[in-house]
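User: I would like to go through this structure step by step, taking a few side chains, a pocket and some charged pairs in turn. Please give the reasoning before each result.

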Amino acid sequence: MKHDIEQYYETVLGITREAGKIIKEGIARTKNVDTKLGSWDLVTQYDRRVEKVLVAEISKKFPSHKFIAEETNSEQKTTPELTSAPTWVIDPIDGTTNFVHGFHLTCISIALSIEKEVVIGIVYNPILEQMFTAIKGRGAYLNNKRIYTSKVEELCQSMVCLESSFACIPSLRDSIMKRTEACIKVAHGIRVLGSAALALCYVAMGVAEAYHIDGLQCWDVAAGALIVREAGGVVLDSTGGIFDMMSHRILACGTKTLAEELVMLFKKADASLITNNNINHI
């Protein structure tokens, strides 16, 4: 089947702009806040409204397309499965905790996967009017202006974005704390943005050199990962292997050299954690 990527992109770009008005309307309003996987995993009526609009409007235009969408997936309690069919991977509000608190780093993240390959990425922060976009093979853009990753190759000169707040999850706590500590000792600076999609876009535009987190879902990273790559950056599994958006592990960097340094740093941090655990059990 032949796909009109340009038509898909232009159509969904317009739908995304319209859905962004819901976030802009709700950022300063009272939210009805529920939890999903834990106290750290929030959802509001606005998340559900944005997702409903996106899925409904895209379905009208492209009825054969499939969806992996955060809130629908959460309500159905299903494990997302990516097939070869054209599939829109949607996070209606990435950075929901930021949104709940009225903190402006929050966005819509949408990616289109065809044959299990992401070909369109859209990340839209309607509060700051930042529209990050990419079509595979055509570069990455912020508000229609071409963007590029930083060319810094050394961690000591790098700003690194981490999601250390995920250390509140017991299964991730020790690894996150060790890796964060290792980065703090070397990096120029560490930032926690609370939005994976925007952190990836900030790597793409060169204001941060790297972003890392383990434990996220495909809708958090699918669009941003394409945008980083189209801006000239590198996206890997955090172990150094090939990135798979379904694997819950991501490391995005402006350069390959920096990525390799961070992979080694994480491996050393993980090894020290294993050593400490062994000593504690003696």
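User: Is S150 buried or exposed?

Analyst: In this predicted model, S150 sits in the loop between β9 (145-147) and β10 (159-162). Its relative accessibility is 10%, and the cut-off for burial is under 20%. S150 therefore counts as buried.

User: Which side chain makes a polar contact with the side chain of S150?

Analyst: Leaving aside neighbours within four places in sequence, S150 is in contact with V203, G206, E209, G254 and T255. A polar atom of the S150 side chain also lies 3.1 Å from the backbone nitrogen of V152, but that partner atom belongs to the backbone. The side-chain partner, at 2.9 Å, is E209.

User: Which element gives the most residues to the lining of the second largest pocket?

Analyst: The second largest pocket, with a volume of about 230 Å³, is lined by 13 residues, and K116, E117, V118, R229 and F243 lie nearest its centre. The elements that give two or more residues to this lining are β6 (117-125) and α7 (218-230). With five residues, the element that gives the most is α7.

User: How many charged residues are in the lining of the second largest pocket?

Analyst: Sorted by class, the lining has seven nonpolar residues and no polar ones. The charged residues in the lining number six.

User: With which residue does K136 form a salt bridge?

Analyst: K136 lies in the loop between β7 (130-135) and β8 (140-142), and its partner, 19 residues apart from it, lies in strand β6, so that the pair links distant parts of the chain. K136 is partly exposed at 42% relative accessibility, and the partner is partly exposed as well, with a relative accessible area of 38%. The closest N and O atoms are 3.6 Å apart, and the partner is E117.User: How far apart are the N and O atoms where the side chains of R179 and D214 meet?

Analyst: R179 lies in helix α5 (residues 170-186) and D214 in strand β12 (residues 210-214), so the pair ties together parts that are 35 residues apart in sequence. Both R179 and D214 are buried. Their side chains meet in a salt bridge with an N to O distance of 3.0 Å.

User: Which helix holds both K21 and E18?

Analyst: The side chains of K21 and E18 meet in a salt bridge at 3.1 Å, N to O. The two residues are three residues apart, about one turn of the helix, and the helix that holds both is α1 (residues 5-26).

Methods
Residues are numbered from 1 along each chain as its sequence is written. This is a predicted model: local features need pLDDT of at least 70, side-chain atom pairs count only at pLDDT 80 or more; totals for chains, interfaces and linings use all residues. Side-chain values use heavy atoms; hydrogens and water are left out. Helices (H or I, at least four residues) and strands (E, at least two) are DSSP runs, numbered from the N terminus. Buried means under 20% relative accessible area, exposed over 50%, partly exposed in between (1.4 Å probe, protein chains only). A polar contact is a pair of N or O atoms within 3.5 Å; within protein, one must be able to donate a hydrogen and the other to accept it, and residues adjacent in sequence count only if both atoms are side-chain atoms. Contact means heavy atoms within 4.5 Å. On a 1 Å grid over the protein atoms alone, a cavity is a set of points where a 1.4 Å probe fits but cannot get out, and a pocket is an open set with protein on both sides within 12 Å along at least five of seven lines; lining residues have an atom within 4 Å of a point. Grid points are joined across faces, edges and corners, and a volume is the space filled by probe spheres set on the points. Ala, Val, Leu, Ile, Met, Phe, Trp, Tyr, Cys and Pro count as nonpolar, Asp, Glu, Lys and Arg as charged, and the others, Gly among them, as polar. A salt bridge is a side-chain nitrogen of Lys or Arg within 4 Å of a carboxyl oxygen of Asp or Glu.
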